[in-house]
Amino acid sequence: MDKTQQSLPGLIRQVLGSLHAETVIKAQILQLAKSHLHEPAVITALLQVLPDVKDKKLRDEIMFFLSSLNTSRFPEPRILFDALLQFFRQEKERDTRVAILFRLQDSIHQDQQLVDFFIELSATPNLSEPEMVAIQDTLASLPLITEDMAVAALEKHRNSPTLLQSQALTLAEKCTRWGDKLFAAAQPYLDIKNDPDIRLRVMRRLADNKQMSDAQLITLATALSNTGTNGIRYELLELIKPSMRIPEIRLALANAFAANPSVYDEGEFAAITDMLAPYMGRDAHISNILLESIKDLPLAEHRRKILSLITSRLKTEQILDPLIHLFNRERDERIREVLFNQVKALSVARHPQLVDVFAAELTEPGSPFRVTCASLLANVAEIYPQVIPALEDVLLYDTDRELLRLCLDGYLRPGVPHRFDVLLTVVRNELIDTLSRQKALDAIVKLDLDATQQQSLADALSGIKPNVLKYE
């Protein structure tokens with residue numbers, strides 16, 4: 001070995017790392033180093049000096065030269081990897097960084113630190129898309145993916161473009177078992193904002209995981225309204241269906257439905273209600289949640305279906321307050337009729353909350369339930385003070401004979417205070433039956449009338465045909 005060869009590693013360190021050495025000299029030293037690669041000390045010197053080379057062109061040349069070498073040339077491959085990792089962390093040029101990543105990809109199976117590096121790097125912000133592609137491509141090439149590796153990739157790219165999400169998912173799909181951590185990391189990929197193919201791939205991977213825990217199924221059910229259509233919800237429902245006997249799972253499904261019931265198409269709505277139907281009569285939480293959801297369903301047919309499923313399984317007394325609330329809100333006359341028929345058979349005396357409902361319908365001129373409400377309220381006029389103004393409203397302004405007769409019967413019950421002007425209006429109303437007018441007149445006679453009221457009564461009677469009413 002000549003003197004030059006003996007001093008070559010020292011020259012490499014001294015010249016290539018110098019700020020003042022001539023470019024030509026540096027090129028000569030590098031060329032000399034390339035011809036002595038059989039000497040381990042030469043390669044080691046090149047690796048050691050690389051971080052100190054300030055000239056970008058020369059630094060790139062050394063880096064690419066070293067990268068091109070087979071790792072068998074290095075006395076310890078980890079030395080090369082350490083140098084390339086250090087170089088990567090210092091490098092600013094994107095193209096050079098990408099080239100280093102692909103070089104490291106070739107050796108990722110040789111050193112676990114490279115796997116850890118790529119996983120850590122995948123969670124680094126502000127990487128360029130080519131860098132992210134290189135990282136994901138490298139991770140996806142691994143023959144065995146641990147759960148931690150898959151979780152790191154999925155969490156990093158939950159909000160990334162579709163290409164990077166797809167690569168992260170490809171990596172996660174290689175993990176043999178999806179435990180709770182990986183399941184949770186995949187959950188955001190089911191979001192409706194993501195590409196349908198991405199959501200379908202996640203859904204199918206979850207479907208392959210036959211031993212899903214209750215907690216995972218609850219998570220799936222909870223996210224139902226945010227997963228979009230394109231068959232995603234159907235597959236989710238198929239996963240959940242076998243476990244509906246578990247209270248927490250069906251409760252999660254009911255809550256997910258009620259959270260946004262208008263987003264489900266006809267088939268999804270039918271599937272969900274069919275799954276929940278068997279529990280509507282036995283699970284108070286399910287019944288109450290679905291009753292509450294009715295107000296947010298835009299389609300009357302859907303509101304009718306849920307109402308029918310619940311009322312056919314529960315006694316009206318059990319759900320009276322929610323039914324009253326729905327009745328007061330509902331605008332579809334057919335549904336209002338179903339609701340009214342459901343509550344009208346109940347005793348008003350036992351359920352005072354019905355009084356205000358029936359009174360409001362009685363005083364609504366367009367209501368089809370007025371006659372029924374009149375008959376129900378007439379029997380409790382002396383019990384509930386709010387009934388009296390409703391009866392008076394009808395007696396003052398309506399002309400329907402049956403309606404007036406029923407209201408008058410209630411108004412004339414013992415214990416009900418009578419207004420002279422209301423009774424006088426009935427007496428004057430020639431469109432109603434004579435018997436009702438006579439009852440009103442008889443009630444007036446029992447009142448303590450002042451002079452003005454007596455004159456008003458006399459004027460009213462003077463305008464009535466003789467022998468129609470008897471006045472004593």
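User: Hi! Which residues does glutamate 330 touch, not counting those up to four places away in sequence?

Analyst: Hello! Glutamate 330 touches Arg303, Ile335, Arg336 and Leu339 once residues up to four places away are set aside. Keep in mind that this is a predicted model.

User: Thanks. Where does glutamate 330 lie?

Analyst: Look at the loop between helix 19 (320–329) and helix 20 (333–343); glutamate 330 lies there.

User: And is glutamate 330 buried or exposed?

Analyst: Glutamate 330 counts as buried because its relative accessibility is 7%, and the cut-off for buried is under 20%.

User: What lies 2.9 Å from a polar atom of its side chain, I mean the side chain of glutamate 330?

Analyst: That would be the backbone nitrogen of aspartate 332.

User: Nice. Let me zoom out. How many helices and strands does the protein have?

Analyst: There are 27 helices and 0 strands.

User: What radius of gyration does the protein have, next to a compact globule of 472 residues?

Analyst: The protein has 43 Å, whereas a compact globule of 472 residues would be near 23 Å. The C-alpha trace spans about 150 × 45 × 30 Å along its principal axes.

User: What percentage of the residues is buried?

Analyst: Buried residues make up 49% of the 472. As for the outside, the protein exposes about 23,200 Å², and carbon and sulfur atoms supply 50% of that area.

User: What about contacts with a separation of 6 or more: what share comes from residues 24 or more positions apart?

Analyst: Residues 24 or more positions apart account for 64% of those contacts.

User: Charges next. How many positive and negative side chains are there?

Analyst: The protein has 54 positive and 64 negative side chains, and the centres of the two sets lie 3 Å apart.

User: OK, on to individual helices. How many residues of helix 21 are buried?

Analyst: Helix 21 (residues 353–362) is mostly covered, with 7 of its 10 residues buried. These are Leu354, Val355, Val357, Phe358, Ala359, Glu361 and Leu362.

User: Which helices do the buried residues of helix 21 pack against?

Analyst: They pack against helix 19, helix 20, helix 22 (370–378), helix 23 (387–397) and helix 24 (401–411).

User: Same topic, for helix 9. Which of its residues are buried?

Analyst: In helix 9 (residues 147–156), the buried residues are Met149, Ala150, Val151, Ala152, Ala153 and Leu154. Their cover includes helix 7 (112–122), helix 8 (129–140), helix 10 (162–173) and helix 11 (180–186).

User: I also have tyrosine 189 on screen. Where does tyrosine 189 lie?

Analyst: Tyrosine 189 lies in the loop between helix 11 and helix 12 (196–208). Tyrosine 189 counts as buried because its relative accessible area is 0%.

User: Which residues does tyrosine 189 touch, not counting those up to four places away?

Analyst: Among them are Ala153 and Leu154, which also belong to the buried residues of helix 9. Others touched by tyrosine 189 include His157, Arg158, Gln165, Ala168, Ile198 and Val202. For a distance, leucine 169 is 20 residues from tyrosine 189 in sequence and 9.0 Å away, C-alpha to C-alpha.

User: And leucine 220, where is that found?

Analyst: Leucine 220 is found in helix 13 (residues 214–222). With 0% relative accessibility, leucine 220 counts as buried. Setting aside neighbours within four places, leucine 220 is in contact with Phe183, Gln187, Leu190, Leu206, Met212, Leu236, Leu239 and Ile240.

User: How far apart in space are leucine 220 and lysine 56?

Analyst: Leucine 220 and lysine 56 are 52 Å apart, C-alpha to C-alpha, with their positions 164 residues apart in sequence.

User: Now leucine 435: is that one buried or exposed?

Analyst: Leucine 435 is exposed, with a relative accessible area of 56%. Leucine 435 lies in helix 26 (residues 434–445).

User: Two more. Why does serine 262 count as partly exposed?

Analyst: Serine 262 counts as partly exposed because its relative accessibility is 41%. Serine 262 lies in the loop between helix 15 (247–259) and helix 16 (266–276). Beyond neighbours within four places, serine 262 is in contact with Asp296 and Pro298.

User: Last one: where is threonine 273 found?

Analyst: Threonine 273 is found in helix 16. Threonine 273 is buried, with a relative accessible area of 1%. Leaving aside neighbours within four places, threonine 273 is in contact with Met280, Lys305, Ile306 and Leu309.

Notes
Residues are numbered from 1 along each chain as its sequence is written. This is a predicted model: local features need pLDDT of at least 70, side-chain atom pairs count only at pLDDT 80 or more; totals for chains, interfaces and linings use all residues. Side-chain values use heavy atoms; hydrogens and water are left out. Helices (H or I, at least four residues) and strands (E, at least two) are DSSP runs, numbered from the N terminus. Buried means under 20% relative accessible area, exposed over 50%, partly exposed in between (1.4 Å probe, protein chains only). A polar contact is a pair of N or O atoms within 3.5 Å; within protein, one must be able to donate a hydrogen and the other to accept it, and residues adjacent in sequence count only if both atoms are side-chain atoms. Contact means heavy atoms within 4.5 Å. The radius of gyration is taken over C-alpha atoms; the globule rule is 2.2 Å times the number of residues to the power 0.38. Accessible areas come from the Shrake-Rupley method with a 1.4 Å probe; for residues, only the protein chains shown count as cover. Lys and Arg count as positive and Asp and Glu as negative; His and the chain ends are not counted. The place of a charge is taken as NZ of Lys, CZ of Arg, CG of Asp or CD of Glu.
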